[in-house]
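The following exercises concern one protein model. Please study the sequence and the structure before working through each solution.

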Amino acid sequence: MISRFLRLTLRGVADFRLHPVAQLLTMVAVAMVTLLTGLILMGLNTVNLELVKSRGEVEFQLYWKQGEPSDTVSADWDAIAAMEHVAEFTSFTPEDALTELASSLGESGDFSWLAEENPLPHSGLVRFSVPPEAQDEGWAARLLTTLKSLPGVDKVNYTPFQTDLAQGWMTVSQLFIWPILAFLALVISLVVHNTIKLSLLTRMDEIEILSLVGASPAYVRWPLLTSGFLQGLTGAAAGLGLLAGVHVLAADALNFPPFLIQIPFLPLEQMLMLAAGVTLVAMTSSWVAVK
């Protein structure tokens with residue numbers, strides 16, 4: 001039984017050399033399908049990676065109460081600097097803030113007359129870089145609450161745009177993008193199925209002769225399924241090779257100011273899933289076409 005199974009498998013591999021034009025066109029179709037799907041996945045991975053980066057950073061601008069003692073402000077600064085995930089913290093005394101304001105206004109920014117009675121409070125700019133595993137909905141709001149609870153702090157400002165953008169992308173991704181990919185997979189299945197079915201039509205005479213001489217369905221179908229497996233696997237490998245070539249050319253296409261976006265290649269698990277999915281579709285299409 002096992003020897004017969006191996007013999008039929010080797011026959012399917014040997015038959016792979018028959019009708020080279022039909023086999024080549026089928027593999028080209030499978031490779032193009034793999035390339036198209038890989039490009040879509042690579043684009044999704046790039047957008048997700050960039051939004052995760054932006055979602056993981058948020059800036060807060062803090063203002064202390066007017067006339068707050070320096071000891072209290074210094075204690076708050078030390079507490080902020082010691083907080084978890086602080087990426088950068090810049091503090092400004094009233095004198096520093098006045099000097100910064102004057103320098104930003106150029107020649108018209110002469111505020112030396114305010115040196116004795118400076119109306120500006122202590123202030124600071126803190127940026128948090130939270131890793132993806134620590135992110136969830138509401139983490140920026142909790143940071144805001146923590147900063148507002150500091151003894152000398154009067155007001156804290158931050159822009160929730162980055163967090164809202166990331167959350168909105170996740171919603172759009174779940175509602176629209178993945179269903180679109182599922183529909184694309186259905187279209188791909190139909191294309192591969194029809195392509196393989198057309199290639200099998202070139203062997204119709206051979207299949208009819210085998211049936212007339214009493215060959216069992218398994219004897220007829222298994223070599224053809226083996227050919228479908230090889231077509232899917234070879235086409236998927238060729239598609240991934242083309243995808244790697246496109247990535248080499250396009251990896252730094254957006255890596256310039258103001259974008260500075262590095263396009264990553266597909267992770268190993270997605271590459272394996274894509275190759276296995278295309279091969280499975282090819283085998284299933286061969287099975288349906290043979291029946």
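**Exercise 1: Annotated spans**

The end C-alpha atoms of residues 21-44 lie 35 Å apart, and this span is 100% helix and 0% strand. Helices (H or I, at least four residues) and strands (E, at least two) are DSSP runs, numbered from the N terminus. The model is predicted: local features need pLDDT of at least 70, side-chain atom pairs count only at pLDDT 80 or more, and totals for chains, interfaces and linings use all residues. Residues are numbered from 1 along each chain as its sequence is written, and side-chain values use heavy atoms, with hydrogens and water left out.

Task: State which residues the UniProt annotation "transmembrane region" covers.

Solution. Step 1: the unreviewed UniProt entry gives this annotation to residues 21-44, 175-196, 229-251 and 271-290. UniProt positions are given in the numbering used here, feature names are shortened, and annotations may be inferred rather than shown by experiment.
Step 2: for residues 229-251, the end C-alpha atoms are 32 Å apart, with 96% helix and 0% strand.

**Exercise 2: The sheet**

Task: Determine the order of the four strands in the open sheet.

Solution. Step 1: strand S1 (residues 57-64) runs antiparallel to strand S3 (residues 123-129), and seven bridges join them; here, two strands pair if DSSP finds at least two bridges between them. Leu62 stands opposite Gly124 in S3.
Step 2: S1 is also joined to strand S4 (residues 153-158) by five bridges, again antiparallel. Trp64 stands opposite Val153 in S4.
Step 3: six bridges link S2 and S3 in the antiparallel sense, and Phe89 has Val126 of S3 as its bridge partner.
Step 4: the order is therefore S2-S3-S1-S4, with antiparallel pairing. Strand S2 (86-92) and S4 stand at the edges with a single partner strand each, so one side of each has no neighbour in the sheet.

**Exercise 3: A salt bridge**

Task: Identify the side chains that meet in a salt bridge, and explain which parts the pair ties together.

Solution. Step 1: a salt bridge is a side-chain nitrogen of Lys or Arg within 4 Å of a carboxyl oxygen of Asp or Glu. By this rule the count is one.
Step 2: the side chains are those of Glu88 and Arg127, at 3.3 Å, N to O.
Step 3: Glu88 belongs to strand S2 and Arg127 to strand S3, so the pair ties together parts that are 39 residues apart in sequence.
Step 4: Glu88 is partly exposed, with a relative accessible area of 42%, and Arg127 is partly exposed at 21%. Buried means under 20% relative accessible area, exposed over 50%, and partly exposed in between (1.4 Å probe, protein chains only).
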